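Biologist: I would like to learn how to read a model of this kind with some care. Could we begin with the question of where to trust it?

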Amino acid sequence: MKRTMMSLIGAAVGLAAVTGVAAVAVPDGAAGTSPQGGARLPVQRSSLLCPAPSSSAVSDTTYTSFVPKGAAAGVDAKKGTAKLLPAGTVEDRGADDGKGGKGGKEKGKGKDEGRSKETGADGSGGTKIVPPRDTRPVAPLKEAGRPVTATTDAADAPALAGDADGTFAPGWSVQQTTSVAAGSGRGLLGLSCTAPDTTFWFPGVSTDKDRQDYIHLTNPGPTDAEVDLELRGNDGELSGARVDGITVPAHTTVSRLLSTLTGSPTTNAALHVVVPQGRVGAAVQATDAKLGSDWLPPAADPAAALVLPGIPKDATSVRLVVVAPGEADADLKVQLATPTGLITPAGVDTLHVNSGMTKAVDLKDLTKGEAGSLVLTPADGGSRAPVAAALRVTRGKGAHQEMAFIPATRPVDKRATVADNRARGGTLSLVAPEKGKDAKVKVTASAGSEGGTPVSRTYTVKGGSTLAVDPPRPPGLKGSYALTVEPQPGSGPVHAARTLAQPMGGIPAFTVQTLPDDRGTVVVPTAGQDLSLLTD
């Protein structure tokens with residue numbers, strides 16, 4: 001088999017592109033040796049993007065920026081910055097055509113029949129770029145180990161694009177939490193701001209009349225990005241629901257209402273975002289006429305086995321949406337990891353998903369008073385085709401219901417962090433999805449944003465089970481704090497999620513953030529090393 005050889009410099013550049021990192025350097029004495037022979041180094045630069053939080057006049061948003069202490073071992077602790085800057089907005093001045101939405105879309109011809117194409121956003125084609133009114137940095141970090149917060153109640157608060165370098169780059173995280181007091185979008189919306197990338201899957205979006213789902217695209221780069229959108233349903237690609245060539249100008253955000261992309265209202269759809277030019281951050285803001293609103297983050301990359309952690313114990317309704325993006329059908333075994341082990345939900349032991357289509361299953365109140373996590377694996381004798389998946393979870397009943405989303409998430413390899421934990425209302429869910437492979441993790445509660453002393457606890461999670469705990473709280477806490485999860489040596493695989501619950505006038509408002517590995521380190525091969533030996 002032919003194997004490609006790369007130099008150290010080339011490998012570093014390639015790995016940086018994959019992880020959303022702009023640079024990897026070798027600080028004196030910092031390089032460790034990976035089991036494959038490469039050097040494991042802290043990243044030297046990272047980027048995060050936060051979408052515009054809300055257009056509601058009765059909303060309040062908190063941004064919390066944090067980086068764990070010790071994340072950048074070997075890097076000069078005095079060298080580093082981490083800050084978020086307001087992004088511009090593309091303002092649409094086109095007319096609504098009732099089908100393809102606004103923004104100067106033109107129907108394709110010939111082989112592109114049924115597709116749309118965006119015109120440029122340069123001010124001459126029905127759109128213009130509106131620069132941010134305030135260009136001051138938001139929540140700049142001053143030190144590792146202590147969160148910094150910033151708040152806004154502006155209905156026109158912009159998207160934010162941020163970079164961290166030096167000692168603040170490895171493990172940098174930002175939480176965006178918005179409370180909306182009234183209206184159709186009322187509730188608690190939470191999002192861990194995302195790194196820029198070139199492809200995203202969003203199972204669980206909707207173009208139905210009771211939902212308003214907006215895809216937010218933010219470009220942190222110095223040049224324009226081009227984005228293609230595609231919607232799939234249970235019969236494949238939705239009619240007319242492919243838009244190619246959306247221009248997202250440099251340092252600017254663009255949003256699109258998904259229902260304007262197709263004339264086929266669909267409840268359980270999947271959105272595929274592809275970025276052929278540049279990189280963007282992407283997130284979907286979903287608003288339901290009865291169930292409030294929340295952010296739907298991108299799901300983990302399609303894979304044959306997935307874990308969706310952190311279903312609340314009092315969930316009154318759980319809906320699973322799966323998409324098989326490849327050319328082969330997928331056959332899945334569906335299991336719930338409970339506090340005592342893996343069980344099969346009533347009536348849903350296996351799931352068949354046709355190639356290129358979505359499949360939705362209502363799992364109802366499957367947790368029945370015990371927190372759990374959904375585990376999807378290839379069915380016995382079935383296809384190992386990759387899938388992407390997400391859950392819509394509802395709490396409450398009648399007129400007092402609230403929804404949140406849990407996408408499939410990658411495991412915590414070295415470390416993961418979630419910020420904006422409060423004195424009350426938080427639940428940390430840890431799941432060890434593989435039977436017989438217990439997970440042992442250290443959970444550290446940081447100092448509070450306004451005071452408090454860090455504290456750590458170690459938990460053991462039985463293989464095949466979910467452990468839901470009230471997270472440790474720093475003594476003397478003032479303000480909010482961050483939680484950092486670190487698997488210990490010999491631990492089995494572990495996935496994690498944080499639920500933040502803040503009741504609002506009888507509505508059990510809540511939001512769930514998964515904790516994927518922060519990819520704060522990368523393995524850089526030595527000069528002339530065979531890259532096929534590197535598996536990190």
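Modeller: This is a predicted model, and over residues 93-117 the pLDDT stays under 50, although the model has 49 contacts beyond four places in sequence for that stretch. Where pLDDT is low, the predicted coordinates should not be read in detail. Residues 1-35 are another stretch with pLDDT under 50, and for them the model has 63 contacts beyond four places in sequence.

Biologist: What is the mean pLDDT of the chain, and what share of its residues reach 70 or more?

Modeller: The mean pLDDT of the chain is 86, and 83% of its residues reach 70 or more.

Biologist: Let us turn to the disulfide, then. Which cysteines form a disulfide, and how far apart are their sulfur atoms?

Modeller: A disulfide is recognised by a pair of cysteine sulfur atoms within 2.5 Å. The structure holds one disulfide, formed by Cys50 and Cys193 with their sulfur atoms 2.1 Å apart. This pair links distant parts of the chain, with Cys50 in strand β3 (residues 45-50) and Cys193 in the loop between β13 and β14 (199-205), 143 residues apart. The link of Cys50 and Cys193 is right-handed, with 110 degrees about the S-S bond, and both cysteines are buried.

Biologist: You mentioned strand β3. In what order do the strands of its sheet stand?

Modeller: The order is β3-β11-β5, an open sheet of three strands with antiparallel pairing. Because β3 and β5 (80-86) stand at the edges, each with a single partner strand, one side of each is left without a neighbour in the sheet. From one strand to the next the twist averages 15 degrees.

Biologist: How many bridges join β3 to strand β11?

Modeller: Six bridges join β3 to β11 (residues 160-166), and the two strands run antiparallel. To follow one of these pairings in the picture, start from Arg45, whose bridge partner in β11 is Asp165.

Biologist: Now for the charged side chains. How many salt bridges does the structure hold?

Modeller: The structure holds 17 salt bridges. One of them is formed by Glu402 with Arg186, whose closest N and O atoms are 3.0 Å apart. Glu402 lies in strand β30 (residues 400-407) and Arg186 in the loop between β12 (173-180) and β13 (187-192), so the pair ties together parts that are 216 residues apart in sequence.

Biologist: Are Glu402 and Arg186 buried or exposed?

Modeller: Both Glu402 and Arg186 are buried. The salt bridge of Lys209 and Asp210, at 3.6 Å from N to O, has another setting: Lys209 is exposed, with a relative accessible area of 75%, and Asp210 is partly exposed, with a relative accessible area of 36%.

Biologist: Which residues are joined into one network by salt bridges that share partners?

Modeller: We can begin with Arg232 and Glu230, which form a salt bridge with their closest N and O atoms 3.3 Å apart, and both of which are buried. Salt bridges that share partners join Glu230, Arg232, Arg242 and Asp244 into one network.

Biologist: Finally, how would I read the surroundings of a single residue, such as Thr287 in strand β20?

Modeller: Look at its burial and then at its contacts. Thr287, in strand β20 (residues 281-288), has a relative accessible area of 17% and is therefore buried, since the cut-off for buried is under 20%. Leaving aside residues up to four places away in sequence, Thr287 touches several residues, among them Ser184, Gly185, Asp210, Gly292 and Met403.

Definitions and conventions
Residues are numbered from 1 along each chain as its sequence is written. This is a predicted model: local features need pLDDT of at least 70, side-chain atom pairs count only at pLDDT 80 or more; totals for chains, interfaces and linings use all residues. Side-chain values use heavy atoms; hydrogens and water are left out. A salt bridge is a side-chain nitrogen of Lys or Arg within 4 Å of a carboxyl oxygen of Asp or Glu. Helices (H or I, at least four residues) and strands (E, at least two) are DSSP runs, numbered from the N terminus. Buried means under 20% relative accessible area, exposed over 50%, partly exposed in between (1.4 Å probe, protein chains only). pLDDT is the predictor's confidence in each residue, from 0 to 100. Contact means heavy atoms within 4.5 Å. Two strands pair if DSSP finds at least two bridges between them. Axes are lines fitted to C-alpha atoms, for helices over the stretch in contact, and angles run from 0 to 180 degrees between N-to-C directions.
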